[in-house]
Amino acid sequence: MDYILNMLGPLWQGATVTLKLFFITLVLSLPLGLILALLRISRFRAVSTSVNGYIWLMRGTPLMLQMLFIYFALPFVPVIGVKLPDFPAAIVAFALNYAAYFAEIFRAGIQSISKGQYESAKALGFTYAQTMRRVIMPQMIKRILPPMSNETITLVKDTSLIYVLALNDLLRAARNIVQRDFTTTPFLVAAAFYLIMTLVLTWGFQRLEKRYAVYDD
Amino acid sequence: MPFTTIKPMIDARDVYKHFGGLEVLRGVSLSISKGEVIAIIGPSGSGKSTFLRCLNHLETIDRGHIEIEGELLVETDEHGKSHYVADAEIRRICRKMGMVFQQFNLFPHMTVIQNIIEAPMIVKGIPRQEILPRAEVLLEKVGLTAKRNNYPSQLSGGQKQRVAIARALAMEPDIMLFDEPTSALDPELTGEVLRTIHALAEEHMTMLVVTHEMAFAREVANKVCFMDQGEIVESGEAKAFFASPNHERTKIFLKNML
Ligand SMILES: Nc1ncnc2c1ncn2[C@@H]1O[C@H](COP(=O)(O)OP(=O)(O)O)[C@@H](O)[C@H]1O
Ligand SMILES: [Mg+2]
């Protein structure tokens, strides 16, 4: 028992890195994804085409490759090249990658709202911005909750990818103890932690879905 | 006031509109005076909705001239190119008109009362406590006070349409545009909506009503316009129009409606 309590210290250290990556990624990629979605449905072709290209690039290549690129290769790219420390490099890669996935979820949600909603809002005098904020977005949120729940649960597990940058996240902390003490218990503790996070998210999304269930479309 | 010319509420002249290769409006002109009720009738696909939607800028016109209460919305130069006024002006002018759609288009995520107060609050910036009592009066008027806190999905079609009417009225428009307000309703529910519109006519609301309800058109409208293939074929004082239509196309249409 003492042994397990002892290993919880370093594991918790790792978990905070995981949690930090998870939350910072969400905070950055959700608004960025929304902006991308709005640009993607813009009537300016050049804008929507470039956003489309960006989404294709980010969804079409592995997140791990993107992370390695930003950490190792970006410093050598002319003009935009910067050398980022490991954790910020991971954050940038995760935010850019997840923004692309969220953008597609937002876009599908926005485009599922009927034209009649835009028209009645416009006929009442709403500007485009007011229509989006008051009429379209609130309805979109209800519809995107299931895919959003999926995507954030995927993010929980994707955080473990940062081990390639030698960051001490939960999984690496577990592996260190496993290698040092020749026991697999840390893996089980780590698994329990991921499961608890997923459980909390599932519960949170279920509550949101219940709240939005007060109306039907 | 013999020397002041009274401007029509809507003055549309020679409006043209096409979708792809299809000429949907081919020189439609219509003017409506204050307190007048005009019914637009005609077969499906004749351009009735498109015309209504051009008036409040849900569609843009190719050519023509539209004035709302004497204010220019769009005009056409000698080269046949249309020019709209600035966007903010368009919004301000079009706010003089309220619109009711065939498919209601209520905001499903808002309760009945929220549907009604939303636009006055957001668009006009009226404080909630100021608009609420007015919204309650409107609800009373359309007979839905009991449904105040229900969501649209909990209402019948006729109730939805009455909320849509109250929602449009909350913006205090000078003109109401109705696009087949009863066409999506079960027959037994059309009466309650038509009565609501009838009551508005008795308060001298200026209204343009696209409808297939001939009895309603005859009874409530001052004037009837018959549209076919993008043109107003014939128009006239309501009772006379139905009693003795002049045009062959009108006669055939009216015969088929009965
Ligand atoms: N947005 C649109 N794009 C293409 N065609 C349209 C559009 N809206 C209407 N039309 C066409 O224009 C014609 C007139 O339509 P509409 O004004 O809705 O007629 P009505 O209301 O008299 O039934 C129809 O042939 C219809 O298919
Ligand atoms: Mg129509």
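**Around ligand 1 and inside the protein**

Modeller: Let's start with ligand 1 in this predicted model: helix H1(B) provides the largest share of its shell, 3 residues.

Colleague: Which residues surround ligand 1?

Modeller: They are Phe19(B), Leu22(B), Val24(B), Pro43(B), Ser44(B), Gly45(B), Ser46(B), Gly47(B), Lys48(B), Ser49(B) and Thr50(B). By class, that shell has 4 nonpolar, 6 polar and 1 charged residues.

Colleague: What makes Lys48(B) the charged one?

Modeller: Asp, Glu, Lys and Arg count as charged. The shell includes Lys48(B) and has 1 charged residue, so Lys48(B) is that residue.

Colleague: Why is the pair formed by Thr50(B) and ligand 1 called a polar contact?

Modeller: An N or O atom in the Thr50(B) side chain is 2.5 Å from an oxygen atom of the ligand. The cut-off for such a pair is 3.5 Å, so this one qualifies. Lys48(B) also has a polar side-chain atom 2.8 Å from a ligand oxygen, while for Gly45(B) a polar backbone atom is 2.7 Å from one. Both distances lie within 3.5 Å, so these are polar contacts as well.

Colleague: How much of ligand 1 does the protein bury?

Modeller: Taken alone, ligand 1 exposes 560 Å², and the protein buries 61% of that. In chain B, strand S2 (22–32) and helix H1 (48–55) are the elements giving two or more residues to the shell.

Colleague: How many cavities of 30 Å³ or more are there, and what makes a space a cavity?

Modeller: The search of the whole structure finds 2. A space counts as a cavity because a 1.4 Å probe fits there but cannot get out. The largest cavity has a volume of about 40 Å³ and the second largest about 30 Å³.

Colleague: Which residues line the largest cavity?

Modeller: Ala123(A) and Leu124(A) are among them, as are Arg95(B) and Met97(B). Strand S7 of chain B, residues 97–100, gives the most, with 3 residues. For the second largest cavity, the lining includes Ser120(A) and Arg167(B), and helix H5 (157–169) of chain B gives the most.

Colleague: Why is the space lined by 29 residues called a pocket and not a cavity?

Modeller: It is called a pocket because a pocket is an open set of points, whereas the probe cannot get out of a cavity. This largest pocket has a volume of about 1000 Å³. Nearest its centre lie Arg43(A), Tyr118(A), Lys122(A), Thr127(A) and Tyr128(A). H5(A) gives the most to its lining, with 5 residues.

Methods:
Residues numbered from 1 in each chain as written. Chains lettered and ligands numbered in written order. Predicted model: local features only at pLDDT ≥ 70, side-chain atom pairs only at ≥ 80, totals over all residues. Heavy atoms only, no water. 1 Å grid on protein atoms, 1.4 Å probe; cavity = no way out; pocket = protein on both sides within 12 Å on 5 of 7 lines; lining within 4 Å. Points joined across faces, edges and corners; volume = space filled by probe spheres on them. Helix = DSSP H or I, 4+ residues; strand = E, 2+ residues; numbered from the N terminus. Near = heavy atom within 4 Å. Polar contact = N/O pair within 3.5 Å; in protein donor to acceptor, adjacent residues only side chain to side chain. Areas by Shrake-Rupley, 256 points an atom, 1.4 Å probe, with all protein chains shown as cover.
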